[in-house]
Amino acid sequence: RCRRTLLATASNDCTARLWDPSDGSTAHILVGHFGQVYAAVFSPDGSRIVTASEDRTARVWDVVTGGHVSQLLGHSGEVLSA
């Protein structure tokens with residue numbers, strides 16, 4: 001099975017997006033943060049995305065479904081990178 005190539009972006013609209021670079025279409029909108037999303041980074045195996053946010057959380061997302069996997073809590077300030 002061929003793996004689809006996707007790109008990730010982070011935004012001040014409280015979302016991250018996964019994009020198909022072949023046609024510029026949105027593959028998934030990652031919704032769940034309550035503040036600006038500063039970073040969106042793929043896991044080494046490409047199966048997950050970790051996002052970092054102004055809301056003091058990092059979140060883990062499934063690349064295939066765009067679904068929320070887990071929320072990483074514990075920072076007392078904004079999470080600036082993932």
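Leaving aside its neighbours within four places in sequence, which residues is Leu18 in contact with? Here is a short tour of this predicted model, starting with that residue and moving on to Arg59 and Glu78. Beyond those close sequence neighbours, Leu18 is in contact with Leu6, Leu7, Ala8, Ser25, Thr26, Ala27, His28, Leu30, Phe42, Ile49 and Val63.

**The nonpolar core**
- The largest nonpolar core has 9 residues: Leu6, Ala16, Leu18, Leu30, Val37, Ala40, Ile49, Trp61 and Val63.
- At least two residues of this core come from strand S2 (15–20), and at least two from strand S4 (37–42).

**Arg59, a buried charge**
- You will find Arg59 in strand S6 (residues 58–62).
- Arg59 is buried and has no salt bridge, with Asp55, the nearest side chain of opposite charge, 4.4 Å away.
- A salt bridge would need the charged atoms within 4 Å, so the 4.4 Å to Asp55 does not qualify.
- The Arg59 side chain does have polar partners: the backbone oxygen of Gly32 at 3.1 Å, and the side chain of Gln71 through a polar contact of 2.8 Å.
- Setting aside neighbours within four places in sequence, the residues in contact with Arg59 include His33, Phe34, Ile49 and His68.

**Glu78 and its partner Tyr38**
- Glu78 sits in the segment after strand S7 (68–72).
- Glu78 counts as partly exposed because its relative accessibility is 42%.
- Although Glu78 and Tyr38 are 40 residues apart in sequence, their C-alpha atoms are 9.1 Å apart in space, and their side chains are joined by a polar contact of 3.0 Å.
- Apart from neighbours within four places in sequence, Glu78 is in contact with Tyr38, Ser53, Glu54 and Arg56.

Methods:
Residues are numbered from 1 along each chain as its sequence is written. This is a predicted model: local features need pLDDT of at least 70, side-chain atom pairs count only at pLDDT 80 or more; totals for chains, interfaces and linings use all residues. Side-chain values use heavy atoms; hydrogens and water are left out. Helices (H or I, at least four residues) and strands (E, at least two) are DSSP runs, numbered from the N terminus. Buried means under 20% relative accessible area, exposed over 50%, partly exposed in between (1.4 Å probe, protein chains only). Lys and Arg count as positive and Asp and Glu as negative; His and the chain ends are not counted. A polar contact is a pair of N or O atoms within 3.5 Å; within protein, one must be able to donate a hydrogen and the other to accept it, and residues adjacent in sequence count only if both atoms are side-chain atoms. Contact means heavy atoms within 4.5 Å. A nonpolar core is a set of buried Ala, Val, Leu, Ile, Met, Phe, Trp, Tyr and Cys residues joined through side-chain atoms within 4.5 Å.
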